[in-house]
Amino acid sequence: MAIGLSRFTVGLFSGLRNSWFKGDNMPPTTAEWPWTHFSRGEMTCKCGCGCADMDPDFMDLLERLRFECGDLPMTINSGYRCPDHNERASTSGRDGAHTTGRAVDIACSGKRQEQIQKVAKSLGCTGFGNEHGFLHIDNLTVADGPKWRVRPNSWKY
């Protein structure tokens with residue numbers, strides 16, 4: 001029997017939360033990481049600081065995105081970035097989208113990239129960076145600060 005979206009939504013998105021809160025700089029334990037299709041390791045900053053301050057609502061959105069895109073695996077190239085790492089890795093500086101815990105880079109290309117972007121937009125994502133081999137998505141809005149004043153926004157690297 002196929003799982004209907006309403007059953008999926010009720011089972012995964014209706015208040016499922018871990019006990020981890022942003023700002024403690026400690027990645028949650030496996031038991032506290034409820035997102036079964038995305039590992040804590042792939043969301044952890046790549047500089048070695050161990051920080052994985054992903055926004056729980058954004059992580060729920062990623063789970064729904066994966067489901068809506070045919071429940072096929074999605075590899076995350078970059079999840080959370082601490083301000084120091086983001087300053088080195090991106091032109092967006094110390095306060096780029098990845099430092100909010102509400103942005104990821106997904107390994108994909110071609111039609112798969114187009115599909116993921118279309119579905120992500122329908123789920124409320126507002127930032128899309130396209131590059132051969134990956135797609136940046138985030139759900140930042142004008143309310144998140146002046147840096148995000150142009151939303152929705154798409155760009156090419």
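Why is β4 described as largely enclosed by the rest of the structure? In this predicted model, four of the five residues of β4 are buried, so the strand is largely enclosed by its surroundings. The arrangement of the sheet to which β4 belongs is described below, followed by the features of helix α3.

The sheet is open and consists of five strands in the order β1-β2-β4-β3-β5, with mixed pairing. Its edges are formed by β1 (75-78) and β5 (153-156), each of which pairs on one side only. On average, neighbouring strands are turned by 25° against each other, direction ignored. Helix α5 (residues 110-122) packs on this sheet, where it touches β2, β3 (127-131), β4 (134-138) and β5. The direction of α5 makes about 175° with that of β3.

Strands of a sheet pair through backbone hydrogen bonds, in either a parallel or an antiparallel sense. At one edge, β1 and β2 (residues 103-107) run antiparallel and are joined by three bridges. Within this pair, Ser 78 lies opposite Asp 105 of β2. On the β4 side, β2 is again paired in the antiparallel sense, here over five bridges. Val 104 has Ile 137 of β4 as its bridge partner.

The pairing of β4 with β3 is likewise antiparallel and comprises five bridges. Ile 137 takes part here too, as the bridge partner of Phe 128. Ile 137 of β4 is thus a partner both of Val 104 and of Phe 128. β3 and β4 together form a hairpin, with two residues between the strands. In the turn of this hairpin, Gly 133 adopts a positive phi of about 105°.

Helix α3 spans residues 56-68 and contains 13 residues. From its first C-alpha to its last, α3 reaches 18 Å, close to the 18 Å expected at 1.5 Å a residue. At the start of the helix, a side-chain oxygen of Asp 55 comes to within 3.1 Å of the backbone nitrogen of Asp 57. Just after α3, Gly 70 takes a positive phi of about 95°.

The buried residues of α3 include Phe 58, Met 59, Leu 61, Leu 62 and Leu 65. Pro 56 is also buried, as are Asp 60, Glu 63 and Arg 66. An α-helix has 3.6 residues a turn, so residues three or four places apart point the same way.

Key: Residues are numbered from 1 along each chain as its sequence is written. This is a predicted model: local features need pLDDT of at least 70, side-chain atom pairs count only at pLDDT 80 or more; totals for chains, interfaces and linings use all residues. Side-chain values use heavy atoms; hydrogens and water are left out. The expected span of a helix is 1.5 Å times one less than its number of residues. Buried means under 20% relative accessible area, exposed over 50%, partly exposed in between (1.4 Å probe, protein chains only). A polar contact is a pair of N or O atoms within 3.5 Å; within protein, one must be able to donate a hydrogen and the other to accept it, and residues adjacent in sequence count only if both atoms are side-chain atoms. Two strands pair if DSSP finds at least two bridges between them. Axes are lines fitted to C-alpha atoms, for helices over the stretch in contact, and angles run from 0 to 180 degrees between N-to-C directions. Contact means heavy atoms within 4.5 Å.
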